[in-house]
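Hi there,

Here is the structure I promised to pass on to you. Have a look at it first, and then read on for what turned up in it.

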There are 2 protein chains.
Amino acid sequence: MRLPSSRQLSADLEISRNTVAAVYDRLIADGHLSSSDRSGVYVRDDRTGLERDRNRVTGPNPRESDMRWRNRLSLDAESLFPAALPPDWEKYPFPFFEGPFDRSLFPVQEWRDASRRALTVSEIEDWTGDVGDADDPMLIDELRRKILPQRGITARPEEILVTTSAQQALYFATELFVNSRTVVGLENPCNPELRTVLTRKRARLEHNDVDEDGMILNFDRLGKCGLLFISPGRQRPTGVTMSDERRKALLDFATQNEIILVEDDYQWEADFATSNSVALRGAPGGQNVIYAATLAQPLAPAVRLGVLVAPAPVIRAARKLRRITSRHPALSIQRTFAHMLGLGHYAAALRRVEQAFADRMAALREALNYYLPTKISILPTQLGAAAWITGPPELDANRLGKAAEAYGALIEPVDAYYAERAPQNVFRLGVTGIPEDRIREGVSVVAKAFRESLDLPSLESKFDESRALSGAALKRACSGATLLCKTVYGDPCTIVLARNGDMNGRAGFANEEQDTGKWWIDDDYWCRQWTEWAYGETAKFRVMITGDRIQWFNPSGRLIDWAVIVRANGKKATKPENQELAP
Amino acid sequence: MRLPSSRQLSADLEISRNTVAAVYDRLIADGHLSSSDRSGVYVRDDRTGLERDRNRVTGPNPRESDMRWRNRLSLDAESLFPAALPPDWEKYPFPFFEGPFDRSLFPVQEWRDASRRALTVSEIEDWTGDVGDADDPMLIDELRRKILPQRGITARPEEILVTTSAQQALYFATELFVNSRTVVGLENPCNPELRTVLTRKRARLEHNDVDEDGMILNFDRLGKCGLLFISPGRQRPTGVTMSDERRKALLDFATQNEIILVEDDYQWEADFATSNSVALRGAPGGQNVIYAATLAQPLAPAVRLGVLVAPAPVIRAARKLRRITSRHPALSIQRTFAHMLGLGHYAAALRRVEQAFADRMAALREALNYYLPTKISILPTQLGAAAWITGPPELDANRLGKAAEAYGALIEPVDAYYAERAPQNVFRLGVTGIPEDRIREGVSVVAKAFRESLDLPSLESKFDESRALSGAALKRACSGATLLCKTVYGDPCTIVLARNGDMNGRAGFANEEQDTGKWWIDDDYWCRQWTEWAYGETAKFRVMITGDRIQWFNPSGRLIDWAVIVRANGKKATKPENQELAP
């Protein structure tokens, strides 16, 4: 890894360049750094795991130029949000995540109808009437008349700003009210992306634990806060609803102490047909609450709209902030969604989504009760599309996740939601990306992994000549197969092994890294060569396949890498073994 | 105005609460503040211009609760971007601004066709395949194959991020690379929204003047910079193109000194059919330049897309930043625009827009040459849709703007573009919002205002009983008329006087403030009462109307306010007086 130039580092640290040069010289003399006249100063790599990187089968290597940029970036892209869903989640037969977009529930006909109406000549004339910072007046009107009143909120047009997401609305609140001297209260666990935003602003954070009645009110701690972020409707991520007593006490305390409350009305749409609860902003005394919500959550990748509701001076400032940071959400989308609301299409689509998710959650609870009846507890939630599950104290949920992944099931680890005191035995199962009829089988393999991960100390296995595949068997198993794995950074990586020997790899949460290569069989060895990854070198491995897990060993029998293998017919071999697992 | 509580202020300043209380007590004793047990400490308003505010005819008053919020907001929404276009610009017959959306040029049929294709069931399946942070692969592909090569840019998919605007791309660059220790180079004049973003980050700014060859290279000054924002293709806002010599020298210097260049490829689309210039990022040695551009500028309110092109590690970080600040631009829009590109619809629409703007610019130059031949100079630009005009040294462009507005012409002042040394005699005329056949007449009234503003010391006029309107004339003039004016903050305000005596007001750049009221005639007085504005009080005025300007005087003959009046038939009275003005 290359170090910053002495000029750069002295500027960053505000110390003299001579000091930096002296330190570099000492570290070179001590053998920690090495220098090259032309290209700068490097960390010596003698003792690093470079050899392992060169041998890696499955991922790209970081390039030297990448390291140079990383030194100057204020955001460490590698370490954030480990809970993000891998882009190839659909290849897994049992993706128990909350958040994936269920395309089968997308209201295609209704959206096309609304879109057609928004795109007549006279409509275009109408929604392009204002320029600059205004939102579509028809959407504002629909929000005021149909959406916000369902949460008990009355708002004037000057109290509403359309955003691309609840996240953007929350971001605006931090940009407007938070600096390094601000004490900010958060829930623990909470939305990790919000916490990252606040950490970047160097805010002083106060974490407040959550129980089955929502955030616990510790007035000593809250009294220090100038701003408090809270998700009372459905706590993000646990899904619990804050009790009325706590809501009232919190509103009173915040008013008396001039604490600004920022309400994240997480997944409010899932509630509004069946629940009577109103938003904090809609409650008596809530008129100064800053309210953020995503609109059209089930249509999110297509629509991407959110809303910020706040006192007019706040909206006025947020509108300017929107102008300098992003501009307004596309007006054609605003108008199309306004028609979805106006025609009642959206309400109908939402009922279908709600019914589907309710059915899946029922199936999930039933399966959990059947396969893991005495082992777990589920946090009580009224509705929603995910279960927050606590296992026995000895459970390591991260190990469970890896074991489940080897059986084709993705479960959501929860570490990233916690600022502190993350429990090791908690995980989350979501149903927005899995059809109802796969839930039982999926839970059965999670249960299998659950039992294994409590018993087995390690997933690594030793090379066993008797179980290693022959060249012919290897060729059969790999031709047309897809490999699902992780890069050294923990990013997802997908490799497709074509029958003709071509090999195609994509890595990163947005498939940012891509490479092609060749694979072939030589005697009983599996061989590969990438164009750029793994330094473009040829390498050969012995291979074992156990269930859905493929493992590569070097010629001396050391495990180099492993992946989930999805066979050419697209099916997993794994079947639920009910007899073995059911009580 | 209410001051922060002692608790709040002591926390903000990190001093003891007793200190704050002692200071407040002293200021109260000295008569600067006043206190009220129940509602806090206020600035005494005895000596402020409150009386004038109460009398204002045309705008809303700030409310006390607004002031309280403003004390806690980190962004002063009132003072930013005075150059923004008023929302009612279309009511002005001669809006010489650049930027308004010309709806007559919107490719309605083509957009509908592309939209229809993006919304088939199988297409929706396709563009919703990824979740989370990925952009539409079809749009990335079209950008790589069709758009970026026109600017000389070759980019891999992992080097491209779709944003909502060039502004968002620039914002990401500042968030990733700028902190309070960063020295940032800017052009002077430059994009004021970018400067605001950098000021909010407390960056140390170095301003670089611009001449007819683009930004002037002062290597002493540039050598201090870690980052430099530049718009070499069409300088923003002057429109000049940077010479090849300077581009090459800048790239060499930046490479040697590890200065990160951020290129704003402002209005690149206007160039690509006719110009051979490539972007800085496309030039030899430009592979580390960070490139930002708006896509589909002529369709901006509907489409709202931009692009960031940069080395892969930068894009990787920017993608995470996009996730925590806004999410990705709606995928339905991305796919629809990809079809616009794929079908060739966009290229055809762009040719029409370019031709229309070129015709208007020709008409503008011809008219300026006819009406103001010896008075002004225009900065040479190859293309574009605005002229950067320098008048004689004694010209006050702000006064010119006010005088022109009274004749129904909006011109763009340029102060806001300058960080320092803003010239008083420069203004800008843009043609994106005015049809070709109104340009001559528009320039004739600008020329009239131009001559007046050079001769007349003041726009204010004395009350003249002989020219004041009678009650009957007042009623005729005001019934059904629209008044265009400014609030005390300089925000635009529109008031509609209905024939039945109702009165309707909207103020702010996004019409955030609204009120209703009554107007009537009492003897020769014009009377009004708002529901909330002007404290809801009744007030009466004598009125003079001169051309398109209406002026209100209080009963003692003092000028209280003025506005542009648009009569009920929607026409301005003003006609070009060619004989008088033509040379």
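A residue is called buried when its relative accessible area is under 20%, and exposed when that value is over 50%. Please keep in mind that this is a predicted model.

With that cut-off in hand, a good place to begin is Ala203(A), which sits in the loop between α9 (192-200) and β6 (204-211) of chain A. Its relative accessibility is 12%, so Ala203(A) counts as buried. What does Ala203(A) touch, once residues up to four places away in sequence are set aside? The answer is Val178(A), Asn179(A), Thr182(A), Val184(A) and Leu198(A). Ser180(A) is 23 residues from Ala203(A) in sequence, yet their C-alpha atoms are 4.6 Å apart in space.

Stepping back to chain A as a whole, you will find 19 helices and 23 strands. Chain A has 583 residues, and 60% of them are buried. Of the contacts in chain A between residues at least 6 apart in sequence, 66% join residues at least 24 apart. The domain assignment splits chain A into domain 1 (6-49), domain 2 (135-329), domain 3 (358-458) and domain 4 (471-566). Taken over C-alpha atoms, the centres of domain 1 and domain 2 of chain A are 46 Å apart.

Next, the place where the chains meet. Chain A brings 95 residues to the contact and chain B brings 94. About 9,100 Å² is buried between the two chains, with carbon and sulfur atoms giving 53% of that area. On the chain B side, Trp69(B), Arg316(B) and Ile324(B) supply 9% of the area buried against chain A, more than any other three residues. Seven salt bridges run between chain B and chain A, and 20 residue pairs are in polar contact there. Helix α13 (residues 312-325) gives the most to the side of chain B that touches chain A, with ten residues. That side of chain B is made up of 41 nonpolar, 20 polar and 33 charged residues.

Two sets of charged residues are worth finding here. Arg200(A) and Glu175(B) meet through their side chains in a salt bridge, at 2.8 Å from N to O. There is also a network of salt bridges that links Asp133(A), Arg323(A), Arg327(A) and Glu193(B).

Helix α13 of chain B also holds Arg322(B). With a relative accessible area of 1%, Arg322(B) is buried. Its side chain makes a polar contact (2.8 Å) with the side chain of Asp135(B). Asp135(B) has a second partner, Arg319(B), in a salt bridge whose closest N and O atoms are 3.9 Å apart. Because Arg319(B) is in helix α13 and Asp135(B) is in the loop between α6 (121-127) and α7 (137-147) of chain B, the pair ties together parts that are 184 residues apart in sequence. Arg319(B) counts as buried at 5% relative accessibility, and Asp135(B) does too at 8%.

Over all chains, the whole structure has 59 salt bridges. One of chain B's joins Glu98(B) to Arg428(B), with the closest N and O atoms 2.4 Å apart. Glu98(B) lies in the loop between β3 (94-96) and α5 (108-118) and Arg428(B) in strand β15 (residues 426-430), so this pair ties together parts of chain B that are 330 residues apart in sequence. Both Glu98(B) and Arg428(B) are buried.

Enjoy exploring!

How values were computed. Residues are numbered from 1 along each chain as its sequence is written. Chains are lettered from A and ligands numbered from 1 in the order in which they are written. This is a predicted model: local features need pLDDT of at least 70, side-chain atom pairs count only at pLDDT 80 or more; totals for chains, interfaces and linings use all residues. Side-chain values use heavy atoms; hydrogens and water are left out. Contact means heavy atoms within 4.5 Å. Buried area is the accessible area (1.4 Å probe) that two parts lose on being put together, summed over both. A salt bridge is a side-chain nitrogen of Lys or Arg within 4 Å of a carboxyl oxygen of Asp or Glu. A polar contact is a pair of N or O atoms within 3.5 Å; within protein, one must be able to donate a hydrogen and the other to accept it, and residues adjacent in sequence count only if both atoms are side-chain atoms. Helices (H or I, at least four residues) and strands (E, at least two) are DSSP runs, numbered from the N terminus. Ala, Val, Leu, Ile, Met, Phe, Trp, Tyr, Cys and Pro count as nonpolar, Asp, Glu, Lys and Arg as charged, and the others, Gly among them, as polar. Domain bounds come from an automatic or database domain assignment. Buried means under 20% relative accessible area, exposed over 50%, partly exposed in between (1.4 Å probe, protein chains only).
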